Each structure stands twice: as C-alpha cells, then as structure tokens.
Amino acid sequence: VKSWAHHWGLIISALVIFTLGGGADQACPDPARLPQSDQNKLGMRLILVPGGSYLIGSPVDEPGRYLNEGPRHRVTLSPFYITGTEITNAQYRRFLAASGHPAPLYWLDKNLNKPEQPVVGVSWHDAVAFAKWLSRESGEIYRLPTEAEWEAAARGGLTGQPFPWGAELPNANGRFRANYNPDAYADDGYR
C-alpha cells in the first residue's frame, strides 16, 4: 500500500518566515512582546512558535510510531513564525503566473485544484522555489522549516504528547482529527 504522501506528492504544509534572533551578533526578541499571529501580503496567516528547548522524537511505546522517529532528544530553537495552514492552490497559482515555474503534478485534476485546497504534487524543489519567490515578493525571508522546527510547531508546544491536542488518538470517540489511520481499515470501514 502506498502512503498518501508517496501517491499524491508533497504538500507545502508550512513555510517559516525568518527565525527571530539566534545569531551571535543579534539579540533574540522577547516572544512575549511579539504578536502571536500575523498576516503577510498574500494573506497567509503566520503563527509565532516561541523559542526555547523542545523535546523532539517520539518514545518507543508511542502508538503509530515509526522507527525513524527516535531517539528522543532536546533541541533549542530561536522563536520563529510558521504558516498556519498549508499553501493553497490560489497562493501557488500567483507563484506560477509570476515565475513561469512548471505546474505541479495533479494541477489540472478537478478533484484537487479548487482555489482554497492545499496545493499537492509539488516536489521539494518546487517548495523551495515557492519560498524564494515569496521572499522576493514580500521582502521577508521565507524558507522551509527544519525538522526540529516542524515538530515543535506540530506538537503545539506540548512535550511528551504524540499529538498537538495531547495523547487522545485522532479517531477517538468518533472524532477524526488529522489524516490518521492506525490500521489498514479504520473502525468506520474507510482506509
């Protein structure tokens, strides 16, 4: 069975707008004085992830854990902003029109190309090209998040929890959060 990411290609799930501070000659701003969210010229909502020490990786006994998710270790991150949602087809369309960059896989698929849907089928190189274009367009520095930044943001500041909302499985109590399926067939018959 192919994974969703392998079948559909990469989604640009997040971009980081400049890491705030952290250089030897640069003072790191106090995250308490920074806005918790902001919006850029394309209407992308940016969420502040405070700097600090984060425990990344997952414990060996965590449900749904993959082998490459360990060992758990601490990282120290400077504060940064990350996009609050995936990059949409509408946002990516502006990039394509302005840059002449080739359209991604599935761009013409009527089931996947509505303006507010996440852009799918992009490669890592496409995502980097989008970030560089957005940097030129906005005058701000955008890049893809590091693995540590992504995990710190995705866990929502919780440490020792497998999901941003805590330890409850995404499909607990008939609720379906995220695109999670612990088995080949879910309790509701979908896979």
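## Exercises on a predicted model

In helix 2, the residues Asn-89, Gln-91, Tyr-92, Phe-95 and Leu-96 are buried (buried means under 20% relative accessible area, exposed over 50%, partly exposed in between, with a 1.4 Å probe and protein chains only). Before we use that, a word on the source: this is a predicted model, where local features need pLDDT of at least 70, side-chain atom pairs count only at pLDDT 80 or more, and totals for chains, interfaces and linings use all residues. Residues are numbered from 1 along each chain as its sequence is written, and side-chain values use heavy atoms, with hydrogens and water left out.

**Exercise 1.** Work out where the buried residues of helix 2 sit around its axis.

*Solution.*
- Start with the general rule: an α-helix has 3.6 residues a turn, so residues three or four places apart point the same way.
- Now take the buried residues Asn-89, Gln-91, Tyr-92, Phe-95 and Leu-96. They cover an arc of only 160° around the axis, so they are on the same side of helix 2 (the arc is that of the directions from the helix axis to the C-beta atoms).
- Turn to the other side of helix 2, and you find Ala-97 and Ala-98 exposed.
- Helix 3 is part of what covers the buried residues of helix 2.
- Right after helix 2 comes Gly-100, with a positive phi near 75°.

**Exercise 2.** Describe how helix 2 and helix 3 pack.

*Solution.*
- Know what to look for: two packed helices are described by the angle between their axes and the distance between the axes.
- Helix 2 (residues 89-99) and helix 3 (residues 124-138) pack at an angle of about 80°, and their axes are 10 Å apart (axes are lines fitted to C-alpha atoms, for helices over the stretch in contact, and angles run from 0 to 180 degrees between N-to-C directions).
- That makes helix 2 roughly perpendicular to helix 3 (angles under 35 degrees count as roughly parallel, over 145 as roughly antiparallel, 65 to 115 as roughly perpendicular and the rest as oblique).
- Next, find who touches whom: Gln-91, Tyr-92, Arg-94, Phe-95 and Ala-98 from helix 2 meet Asp-126, Ala-129, Phe-130, Trp-133 and Glu-137 from helix 3 (contact means heavy atoms within 4.5 Å).
- Sorted by class, this contact has 6 nonpolar, 1 polar and 3 charged residues (Ala, Val, Leu, Ile, Met, Phe, Trp, Tyr, Cys and Pro count as nonpolar, Asp, Glu, Lys and Arg as charged, and the others, Gly among them, as polar).

**Exercise 3.** Now look at helix 4 and the segment after it, and say how Leu-158 is placed.

*Solution.*
- Helix 4 (residues 147-154) has Ala-148, Glu-149, Glu-151 and Ala-152 as its buried residues. Their arc is only 165° around the axis, which puts them on the same side of helix 4.
- Just past helix 4, Gly-156 has a positive phi of about 65°.
- Leu-158 is in the segment after helix 4, and its 33% relative accessibility makes it partly exposed.
- Skip the neighbours within four places in sequence, and Leu-158 is in contact with Phe-163, Pro-164, Trp-165 and Gly-166.
- Tyr-54 is 104 residues from Leu-158 along the chain, yet their C-alpha atoms are separated by 9.0 Å.

**Exercise 4.** Sum up the secondary structure of the protein chain.

*Solution.*
- Count the elements: 4 helices and 7 strands (helices, H or I with at least four residues, and strands, E with at least two, are DSSP runs, numbered from the N terminus).
- Read along the sequence, and the pattern is α-β-β-β-β-β-β-α-α-β-α.
- Finish with burial: 34% of the 191 residues are buried.
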